Amino acid sequence: MDEERPARREPVTVAARTGKPVLTPSFGEYPVYTTGSYSVLSSDTLRVAVFEDALRSLAPDAVVLDLGAGGELLWARRAAELGAARSVAVEVMPDAVRQGRATLDALARRAPDIAGRVQLVNALSTRVTLPEPADVCVAEVVGSFAGAEGIAAVIADARTRLLNPGAVIVPDRVCSRLAAVETRTVLGGVDARFDEAARENVQRIFAAVGHPFDVRLRVQSPVAELATTSAVVEVYDLNRDTPDRLVADQDRAVRLLVRREGVIDALMGWLVLRALRGGPELDALRDPTSWGAVLFPFPSGPVRVTAGDILSVRARTRISDNGINPDYRFDIALESNSRLTGLGTITAEHHGKHIGGSPLHRALLA
């Protein structure tokens with residue numbers, strides 16, 4: 001078990017936010033994407049820039065595999081434009097496949113040479129077969145909590161079946177950081193609620209899974225006033241880890257130093273991503289991207305804390321029974337005035353049947 005000591009000083013730089021915080025279910029890990037969802041991703045200039053910078057050096061003369069390509073076939077198309085010998089876009093969502101075919105038809109009229117080097121395959125990435133192994137794999141199946149969309153299992157499978165031994169994965173490394181927060185503060189001083197669009201997404205997730213459960217909670221444009229220091233609790237080194245290591249359970253014990261007196265009622269996790277080894281890191285809490293943050297509410301509700309207290313968290317990641325998406329578990333306790341008080345266990349399963357595990361879930365899903 002890895003342990004991280006609390007830092008006494010940890011500067012937090014937060015990007016200027018252009019919109020109010022919005023609370024939604026975390027939906028990227030479920031088959032409920034729409035064509036509009038993919039458009040949001042492709043219009044994220046910072047997100048696109050870090051992936052494109054990596055491809056600029058990797059794509060020329062390579063066979064490029066784009067997993068979860070979306071309807072715009074963004075990376076398969078861009079790889080061909082950057083000189084790839086051939087690129088294969090793999091997509092399974094029906095609406096995205098239809099849009100992808102239209103995208104390829106339009107590209108063929110405008111740039112037939114480029115379109116001739118792009119192939120669209122309608123399949124799950126874990127079931128697709130390729131005529132030749134790829135040299136570069138772009139996998140933008142990265143959640144607001146790094147592993148939530150199943151990147152570990154997807155890349156482990158691709159490494160085994162679809163890629164050359166020396167193939168390069170983009171992104172190179174993804175991890176999740178965690179801190180404690182007060183939900184109301186993160187939401188800009190308002191009470192947590194789902195709007196109509198969020199409620200519709202909850203119902204679509206329930207329909208996809210087959211039953212209701214405590215959905216993970218995503219905040220777009222959070223007000224990032226962290227009540228504690230932060231620590232890394234999930235790591236995937238996609239170009240270094242073996243397939244077995246990628247899908248292995250992760251278990252980390254971290255200690256989060258409370259910065260100020262007040263109330264905490266949730267853990268908040270967010271993505272840190274490096275597209276290319278040696279390149280800059282994108283921090284989804286600091287940098288204005290379409291990735292949000294994920295809230296994990298305390299089962300016991302709000303807890304009063306004082307500066308200098310320590311929140312102990314044992315964070316565990318385990319691939320769920322669908323073989324793709326992980327389940328998360330956080331055992332939390334508060335060290336205050338030399339006393340240790342257990343605050344319970346946060347269970348955040350991909351498709352568990354537990355419902356009402358926190359006061360916030362009971363209020364939102366009533």
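Is Ala79 buried or exposed? In this predicted model, Ala79 turns out to be buried, and its relative accessible area comes to 0%. The residue sits in helix H3, which spans residues 74–81. As for company, once the neighbours within four places in sequence are set aside, Ala79 is in contact with Leu55, Ala59, Val64, Ala84 and Ser87. Asp66 offers another reference point: 13 residues separate Asp66 from Ala79 along the chain, and their C-alpha atoms lie 9.1 Å apart.

The cysteines come next. A disulfide is a covalent bond between the sulfur atoms of two cysteines. Counting pairs of cysteine sulfur atoms within 2.5 Å gives zero disulfides here. Cys137, for one, takes part in no disulfide, and the nearest cysteine sulfur, belonging to Cys175, is 19 Å away. Why does Cys175 have no bond to Cys137? Cys137 holds the closest cysteine sulfur to that of Cys175, but at 19 Å it is too far for a bond. As for exposure, Cys137 counts as buried, with 0% relative accessibility, and Cys175 also counts as buried, at 3%.

A word on confidence rounds out the picture. Across the chain, the mean pLDDT is 92, and 93% of the residues reach 70 or more. Residues 1–17 are another matter, since pLDDT stays under 50 over this stretch. For residues 1–17 the model has 43 contacts beyond four places in sequence.

Methods
Residues numbered from 1 in each chain as written. Predicted model: local features only at pLDDT ≥ 70, side-chain atom pairs only at ≥ 80, totals over all residues. Heavy atoms only, no water. Helix = DSSP H or I, 4+ residues; strand = E, 2+ residues; numbered from the N terminus. Buried < 20%, exposed > 50% of the residue type's maximum accessible area, 1.4 Å probe, protein only. Contact = heavy atoms within 4.5 Å. pLDDT = per-residue confidence, 0-100.
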